[in-house]
Amino acid sequence: MTVTLADVAARARVSPATVSRVLNGNYPVAASTRERVLRAVDDLDYVLNGPASSLAAATSDLVGILVNDIADPFFGIMAGAAQTQIGGPGDGSGRAGGEKLAVICNTGGSPERELTYLTLLQRQRAAAVVLTGGAVEYPEHQAAMAAKLAKMADAGTRIVFCGRPPLPEGDALVAALAFDNRGGGRRLTEHLISLGHRRIGYVAGPPERTTTRHRLEGHREALRGAGLGDAEAGAEERLTVHGPYDRRSGYEATLEILRRDPTVTAVVAANDTVALGACAAVRDQGLRIPQDISVAGFDDLPFSVDAVPALTTVRLPLFEAGARSGRLAMGKENPPPGGIATIAAELMIRGSTAPPRVG
């Protein structure tokens with residue numbers, strides 16, 4: 001049953017006019033009253049009615065693009081590409097045609113902010129939502145996400161995942177475009193092993209994220225496939241350090257790996273930004289890349305080819321995936337069979353990796 005403004009007013013023990021004032025923000029309301037109304041809105045999952053044109057179509061001209069960090073090229077490239085399909089140029093007259101208004105929602109990696117933005121987009125009857133990057137694997141958050149997205153889909157919002165796998169439960173998606181992070185991680189480590197590396201450190205991302213888990217699983221599959229994973233009890237864990245997906249994490253984690261095992265000859269980083277920090281740590285220890293230690297990244301961000309030496313990495317087609325997610329969100333492209341597509345990752349071999357030094 002549809003929740004009405006009167007239901008919210010009754011729950012908050014205020015008049016409907018007061019509820020309207022709080023939601024529209026056009027009239028001063030006591031802080032305690034405002035908090036009571038907003039709590040009732042959340043408890044009842046009330047969706048604010050938009051303009052009459054929105055009601056006629058059940059959705060608005062708004063599309064939300066959720067990112068962890070818009071300053072991170074990984075997310076910026078995908079979001080920008082999606083926006084080219086969502087809010088592309090019109091007919092030159094200044095009038096809006098079939099375009100939508102794309103709004104970037106920066107969650108900072110917070111599960112709570114992710115749900116908050118979805119609620120705000122739900123209240124605005126967003127035409128579509130594109131969620132980019134890896135997902136948090138907390139069961140409670142996954143359940144809350146599945147429930148929220150199902151309600152939005154029922155109201156006519158298109159849901160597209162870009163760069164993340166589908167939720168364990170929930171069939172509200174138009175499509176999920178998932179990167180082959182596991183396969184890319186495996187091929188990257190296999191490359192290092194083929195060069196002769198046997199002591200390989202790994203700088204991982206936050207442990208609760210799907211991207212982190214899949215890339216690390218690929219790395220360890222390669223180690224075990226070469227008979228290296230179980231060569232020493234606890235070796236995999238000892239040579240793995242988790243941290244944020246940023247340069248500082250790469251720097252500090254690499255120093256820790258070298259402290260734990262000075263015989264390490266290669267370091268794999270969770271992404272290219274982390275790899276830059278790893279390179280700085282190696283150099284600050286008076287070591288050369290790749291003569292003393294090889295360093296590899298992941299994503300093939302624009303700066304990776306300009307690093308010195310150029311960074312061996314795994315290329316993900318970020319722009320292509322983002323643009324495709326935008327077309328799916330706009331209904332310009334048919335969903336893949338079953339709603340799920342796995343996007344291949346490509347190994348890019350450059351100067352930052354080489355055979356280990358002998359002697």
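This section describes backbone exceptions, nonpolar cores and helix packing in a predicted model.

Most residues other than glycine have a negative phi, and most peptide bonds are trans. Two peptide bonds and two residues are reported here against that background. The bond that joins isoleucine 289 to proline 290 is cis, with omega at about 5 degrees. Proline 290 belongs to the loop that runs between helix H12 (272–284) and strand E9 (294–296). A cis peptide bond is also found from valine 308 to proline 309, where omega is near -5 degrees. Proline 309 sits in the loop between E9 and strand E10 (313–315).

The loop between E9 and E10 also holds aspartate 300, a residue that is not a glycine but has a positive phi of about 60 degrees. Aspartate 300 has a relative accessibility of 17% and therefore counts as buried, the cut-off being under 20%. Arginine 13, likewise not a glycine, has a positive phi of about 60 degrees. Its place is the loop between helix H1 (5–12) and helix H2 (16–24). Because the relative accessibility of arginine 13 is 63%, this residue counts as exposed; the cut-off for that class is over 50%.

In soluble globular proteins, nonpolar side chains tend to be buried together. The largest nonpolar core in the model comprises 43 residues, and the members that touch the most others are Ile65, Phe74 and Phe179. Helix H5 (residues 73–86) supplies the largest share of this core, with 6 residues. Another core, of 18 residues, lies apart from the largest one and includes Cys279, Val282, Ile289 and Ile293. Ile289 is also the residue that precedes proline 290 across the cis bond.

The contacts of phenylalanine 74 were listed without residues up to four places away in sequence. On that basis, phenylalanine 74 touches Gly133, Phe179, Arg215, Asp299, Leu301, Leu316 and Leu318. Phe179, one of these partners, is itself among the members of the largest core with the most contacts to other members.

Two packed helices are described by the angle between their axes and the distance between the axes. Helix H11 (residues 247–260) packs against H12 with an axis separation of 6 Å and an angle of about 45 degrees. H11 is therefore oblique to H12. The crossing of H11 past H12 is right-handed. On the H11 side, the contact is formed by Arg247, Gly250, Tyr251, Thr254 and Leu255. On the H12 side, the residues are Thr273, Val274, Leu276, Gly277, Ala278, Ala280, Ala281, Val282 and Asp284. By class, the residues of this contact are 8 nonpolar, 4 polar and 2 charged. Val282 of H12 takes part in the contact with H11 and is also a member of the core of 18 residues.

A second helix pair is formed by H1 and helix H3 (residues 31–44), whose axes come within 9 Å and cross at roughly 120 degrees. The two helices are therefore oblique to each other. H1 passes H3 in a crossing that is right-handed. From H1, Asp7, Val8, Arg11 and Ala12 meet Arg36, Val37, Ala40, Val41, Asp43 and Leu44 of H3. The contact of H1 with H3 contains 6 nonpolar residues, no polar ones and 4 charged ones.

Definitions and conventions: Residues are numbered from 1 along each chain as its sequence is written. This is a predicted model: local features need pLDDT of at least 70, side-chain atom pairs count only at pLDDT 80 or more; totals for chains, interfaces and linings use all residues. Side-chain values use heavy atoms; hydrogens and water are left out. Helices (H or I, at least four residues) and strands (E, at least two) are DSSP runs, numbered from the N terminus. Buried means under 20% relative accessible area, exposed over 50%, partly exposed in between (1.4 Å probe, protein chains only). A nonpolar core is a set of buried Ala, Val, Leu, Ile, Met, Phe, Trp, Tyr and Cys residues joined through side-chain atoms within 4.5 Å. Contact means heavy atoms within 4.5 Å. Axes are lines fitted to C-alpha atoms, for helices over the stretch in contact, and angles run from 0 to 180 degrees between N-to-C directions. Angles under 35 degrees count as roughly parallel, over 145 as roughly antiparallel, 65 to 115 as roughly perpendicular and the rest as oblique. A crossing is left-handed if the near helix is turned anticlockwise from the far one by less than a right angle, and right-handed if clockwise. Ala, Val, Leu, Ile, Met, Phe, Trp, Tyr, Cys and Pro count as nonpolar, Asp, Glu, Lys and Arg as charged, and the others, Gly among them, as polar.
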